[in-house]
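I opened this model to look up its sheets, a few helices and the empty spaces. My notes follow in the order I took them.

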Amino acid sequence: MNVNQHTPVAAPYGQPHPGYGQPNFSPLDGGYPAPYAPYNGPASAYQPGAPPQGYSPFSSFPSKAVAAPPASDLSSPLDLGPVRAPPTSGAPPVSSPQTYNQYSHSQGGVQNGPPLMTQAPPRPAVSQQYAPGAGNVSGPHPSYPQHYGPPAAMQQVTNQMSGMQMNSGPPTPAGPGYAPPHSSQPPTSTAFSAAPPASYSHAPPHVSSSTPVQSPPPCGPAASQQYYGGPPPAGQQPFPSSPAPPPPTSQHSFPPSSYSGPMLPPSQAPPASQPQPPYTSAPPPVSQPAFMPGPPLPSSQGSFSPRGPPPSSQPGSFPPPSAPPTSLPSGQYPTSMPPPQQQQQPPPPQPSPYHSGPPPPTSQVPPTSMAQSNHLPPGPPGPPGGLHHPQPHPGMPGGFPPQQNGAFGQVRGPQPGYAGPYPGQPNYGAPAPAPAPAPHPQKRLDPDAIPSPIQVIEDDKAKTTEPFSTGVRGQVPPLVTTDFQAKDQGNASPRFVRCTAYNMPCTADMAKQSQVPLAAVIKPLATLPPDESPPYLVDHGEEGPIRCNRCKAYMCPYMQFIEGGRRFQCSFCNCVTEVPPHYFQHLDHTGKRVDCYDRPELSLGSYEFLATKDYCKNNKLPQPPAFIFLIDVSYNAVKSGMVSIVCQELKTLLDCLPRENPESDSLVRVGFVTYNKVLHFYNVKSSLAQPQMLVVSDVSDMFVPLLDGFLVNVNESRQVIESLLDQIPEMFADTRETETVFAPVIQAGLEALKAADCAGKLFVFHTSLPIAEAPGKLKNREDKKLIGTDKEKTLFQPQVSFYNSLAKDCVAQGCCVDLFLFPNQYVDLATLGVVPVSTGGSIYKYTYFQAQLDKERFLNDLRRDVQKLVGFDAVMRVRTSTGIRATDFYGSFFMSNTTDVELAGLDCDKAVTVEFKHDDKLSEETGALMQCAVLYTSCSGQRRLRVHNMSVNCCSQLADLYRNCETDTIINFFSKYAFRGLLNNPTKAVRETMVNQCAQILACYRKNCASPSSAGQLILPECMKLLPVYLNCVLKSDVLLPGADVSLDDRAYLRQLISCMDVAETHVFFYPRLLPLMKLESGSLPLAVRDSEERLSKGGVYLLETGLQLFLWVGASVQQELLLNIFGTPSFSQIDGSMTTLPVLDNPFSQRLREMVDSFRAQRSRYMMLMVVKQEDRNELIFRHFLMEDKSAGGGASYVDFLCHMHKEIRQLLS
């Protein structure tokens, strides 16, 4: 995902990183305005870049402070006010100016905490126009231990605030007496009071004095392996793996002893010691009017209607580009106006995991909303004077109360050796500074004080000791990262259904006000762990399942039996229905049926009914399904070794076809087709001595040339099938045919299933863009020039409509398509993927397939795909109680009307995300109910109905909503909502919508649920405190913010892949799991660390899991013993960086590590290939791509920067 922010680490290999020296997101064409030089060299602090005009140093930059007591049990206050404090004893410096300095920690090793805070950059000169991009807070992030303590009482905090004064800063080039520019906003006379800082120990950073503008060294293309398999095509030279150049001479490092107080970066230093509002923002520069104050009008979250320039934070609508305003709010760019380019120079292409050709000329567009700053009136100027320290707080040693858990903020001071703001830049809202005292090192944000995903995950694990019983309505389940046992007591297990909110707002107005999406992620056929029983199968005989007469809801625990059990009242629509005589049972004294606990449908949340003929096509019971294997035998397929690998594997795989009963044989029949420009069908009838080939060369009118002998039972025809699979690689060994067809291949499989009158699955093994003359012929439309423009969305849309109608025909027949792709170049996955995605199938992609390297991954994927339990010809409908209804569905399926989700195939890995909207009021007494019913044909040919029921609470208070949300599920919904939005909207608009909606959610909480506190505090709901970090991961994904080498096919692939992921898969995909491997104990995993380069120790080995692959990162100073245990070699230099499997060594460590890798692979739906990454090796860039809390090479913000930006957005909404 491109949302990994790179840490404050040396640019490895002397590569400038686009996005380092510049504000949050790279400008439209990927270049830097002149003052923003690319980051260069291994400084331990970032060189300060300039933020957009009007970007307030304070408003964008967290300060370390003690938060006011939490508003309620659900707040995590995070202080972002500029409060200063004398230091506690300085720890030794975290980094010294050497290559890879970020690994040597004062704590000596791995740390578990957030990425480190950066220092705010100075502003650009007033006259300079700023190209889009939000202000970026860039600088070094040391890691600090966090001190938790009891929160200070509110009164106590207020008392402390009153005595705070700021350090004086260095003089500005503008000279004394330079007046602040005219502001379009009146100054306010009230100064905010800020919370006092907490006690924590810092390591002083090294601060560099300026940004050296160096010409970037030549940059090679990407590393030798990419995200989805094999090496790059020949001709790509590896990139220089030499260490980064030495730091600029102007950089100083300070011994800990000289550390005597926090500092402000130059552009931010208050000129004299003066009280400062916690989030002062200077007025905007004269040339740019302040952004209109006042919150924007909310618009409904899903609308994509066109309108004028949007307010900076507008809930979920994707605004269209509009005419630029004559004078722009600071840092904001209208979509239709390109940034000034004359003084810009595009950065060199950034190596990335995806090698698909040259980098796109344009970098991703920054969201408009990211670029607006808060224009608050300046604080009252204080008297010029020397350095002051706050008075010691009574009752606290040294005057600093302990830090409250979750509060964070950063204190700033002048930056040594830096001349101050750009020449001619006013010192906003303050008199001229007094001469600066001797320079002090910079004090930075305690990174362990911003919400840590690892901490939240571990807390949840510690809290979950009992099995999770589903009997309580509206109970929030354990997180997906927690290992728990679920007990079905009337609601579906969280493995089948997870909701974004377990306490829904009673009214549509309340839902609109909060902007929290109301959705459920449903995985109807999810695999359960061995200690949980699968849903019971209920057979009601000829009569079929009992249903409500009006709304057709199925019998479930929520139905109320009345009149002694003769009738029941539906809890979905309140209609009363007669109980059929055969189903009658008496009620006990509580009104429950006496057989309640004997019937799964009356006591459980999930169960299955055996369906009758009424639920079948044409009222006749279905045939068992068939599997058809269609193998591309063009030149590329044969040459890569794919054809022989598939044929060899199928011989053994045919014994593993899915079956209901492990003891009995599978009833699934199989057929075989090979193709290039023409199709070859094979007769493998058991009575034949040798298979027969029948060729269909008229691909424009596809038909199946044989009926008898094409689909056969494996056991009966085994010898003929094995003979065929031996012959295929030999028959086509010398082929010279390079062109292929694609649509006729699917038509052939579809016709065969129609002729056999059964549902089934097509396994298509395909290599290239189908350019041969045939229906569905495609042309190469890969155009990197469109990236970042309004036409970019066309690249995600299918090239021709033929595949949409083909998909519709497939769904009608119950023909599901799984596509295995082996491309060496662009194959237009956005078009080829239409049929697999619409039929509920899967796409697997092995770019630059190399037999020895990718065989293991491909075969494991193929085995699992063939063996997994799957339902065919499925229809899913979600019913809800009065007051809400299902309005939107996300996933791999087809819809011919607004209510029925049709899936030609539905397997155990597929999830469907359903969004709900209010159509009436809900009541707190009855809550809200939903019932998901899936009608499908099992692999044995049985027609079944699987039912999942879910009840949640309803609330009239926003606090109750915010107390019962599930962030992981919200992120699953947001990612699918955003990725679908790409089909019709510019990427930039999609990103803005995400940021705006998240800001709305958090602003609504702050306004309505949190107790009043200083504006400098960012207050997050307890259960949503990870929303900013996870949302930033989504925004930085390769789909929304592609790196230079991410191909269009990769983006289309990820877009389609994520659309059907469940919550556990999206969680690890967006925020990968990073485990230190220095100590392994059997039975338990090591404690994960946060996804940041700061957390890596040079002497450590780490395992990173993304859900699609595994990385084993080896530090350059790892002890010999550890290397011997893992690799069987004592030396770092002897480790083979190209290995994809760990050596089998006879020691407990090696055994435990291999067990861990196997168990991770078993948890995921796709085989994760292992890549060994040696520190400073060329593959390290790929690894860093997944360190999500750091800045990303493609311009994605670091977690800290994004949190500051989010705070700014929230304040803008609240003001």
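**Entry 1: the seven-stranded sheet.** I began with strand 12 (residues 626-632) and strand 13 (residues 669-675), which run parallel and are joined by seven bridges. I looked up one pair there: Phe629 has Phe672 of strand 13 as its bridge partner. The model is a predicted one, and I read everything below with that in mind.

Both strands belong to an open sheet of seven strands with mixed pairing, in the order 15-14-13-12-16-17-18. I then checked the ends of that order. Strand 15 (692-696) and strand 18 are the edge strands; each has a single partner strand, so one side of each has no neighbour in the sheet. From one strand to the next I noted an average twist of 20 degrees.

**Entry 2: strand 17.** I moved along the order to strand 16 (residues 760-766) and strand 17, which pair in the parallel sense over seven bridges. Leu762 has Val817 of strand 17 as its bridge partner.

Is strand 17 enclosed, or is it left open? Seven of its seven residues (815-821) are buried, so strand 17 is largely enclosed by the rest of the structure. I sorted the residues by face. Cys815, Val817, Leu819 and Leu821 are on one side of strand 17, Cys816, Asp818 and Phe820 are on the other, and all are buried. I noted that Asp818, one of the buried residues, counts as charged.

After strand 17 I followed the chain into the loop that leads to helix 11 (829-832), where Pro823 lies. Pro823 has a relative accessible area of 2%, so with a cut-off of under 20% it counts as buried. I also looked up a distant partner in sequence: Pro823 and Asp1049 are 226 residues apart along the chain, while their C-alpha atoms are 9.6 Å apart in space.

**Entry 3: two helices.** I checked helix 9 (residues 743-756) for length. Its 14 residues at 1.5 Å a residue should span 20 Å, and the end C-alpha atoms are 20 Å apart, which agrees. Of those 14 residues, 10 are buried, so helix 9 is largely enclosed by the rest of the structure. Among the buried ones are Ala743, Pro744, Val745, Ile746, Gln747 and Leu753. Just after helix 9, I found Asp757 with a positive phi of about 55 degrees.

I put helix 15 (residues 967-981) through the same check. For its 15 residues the expected span is 21 Å at 1.5 Å a residue, and the end C-alpha atoms are 21 Å apart, which agrees. In helix 15, 14 of the 15 residues are buried, so this helix is largely enclosed by the rest of the structure.

**Entry 4: the four-stranded sheet.** I turned to an open sheet of four strands, order 4-6-22-20, with antiparallel pairing. Strand 4 (497-499) and strand 20 (884-890) are its edge strands, each pairing on one side only. The twist here averages 25 degrees from one strand to the next.

Strand 4 and strand 6 (residues 519-522) run antiparallel and are joined by three bridges. Within that pair, Arg498 stands opposite Val521 in strand 6.

Next I read the loop between strand 6 and strand 7 (536-538), which holds Pro524. Is Pro524 buried or exposed? Its relative accessibility is 0%, so Pro524 counts as buried. Pro524 and Val497 are 27 residues apart in sequence, with their C-alpha atoms 7.9 Å apart in space.

**Entry 5: pocket and cavities.** I looked up the largest pocket, which has a volume of about 1400 Å³. It is lined by 46 residues, and the closest to its centre are Val480, Arg495, Ala1064, Gln1163 and Arg1164. Helix 3 (453-463), helix 19 (1063-1070), strand 26 (1073-1076) and helix 21 (1148-1163) each give two or more residues to this lining. By class, I noted 25 nonpolar, eight polar and 13 charged residues.

How many cavities of 30 Å³ or more are there? I noted 15. The largest cavity has a volume of about 270 Å³. Of its 23 lining residues, Leu1057, Cys1060, Met1061, Ser1165 and Arg1166 are the closest to the centre. Strand 18 (843-845), helix 18 (1048-1058) and helix 19 each give two or more residues to the cavity lining. That lining has 10 nonpolar, seven polar and six charged residues.

Note on methods:
Residues numbered from 1 in each chain as written. Predicted model: local features only at pLDDT ≥ 70, side-chain atom pairs only at ≥ 80, totals over all residues. Heavy atoms only, no water. 1 Å grid on protein atoms, 1.4 Å probe; cavity = no way out; pocket = protein on both sides within 12 Å on 5 of 7 lines; lining within 4 Å. Points joined across faces, edges and corners; volume = space filled by probe spheres on them. Expected span 1.5 Å × (residues − 1). Buried < 20%, exposed > 50% of the residue type's maximum accessible area, 1.4 Å probe, protein only. Pairing = 2+ DSSP bridges. Axes fitted to C-alpha atoms, helices over the stretch in contact; angles between N-to-C directions.
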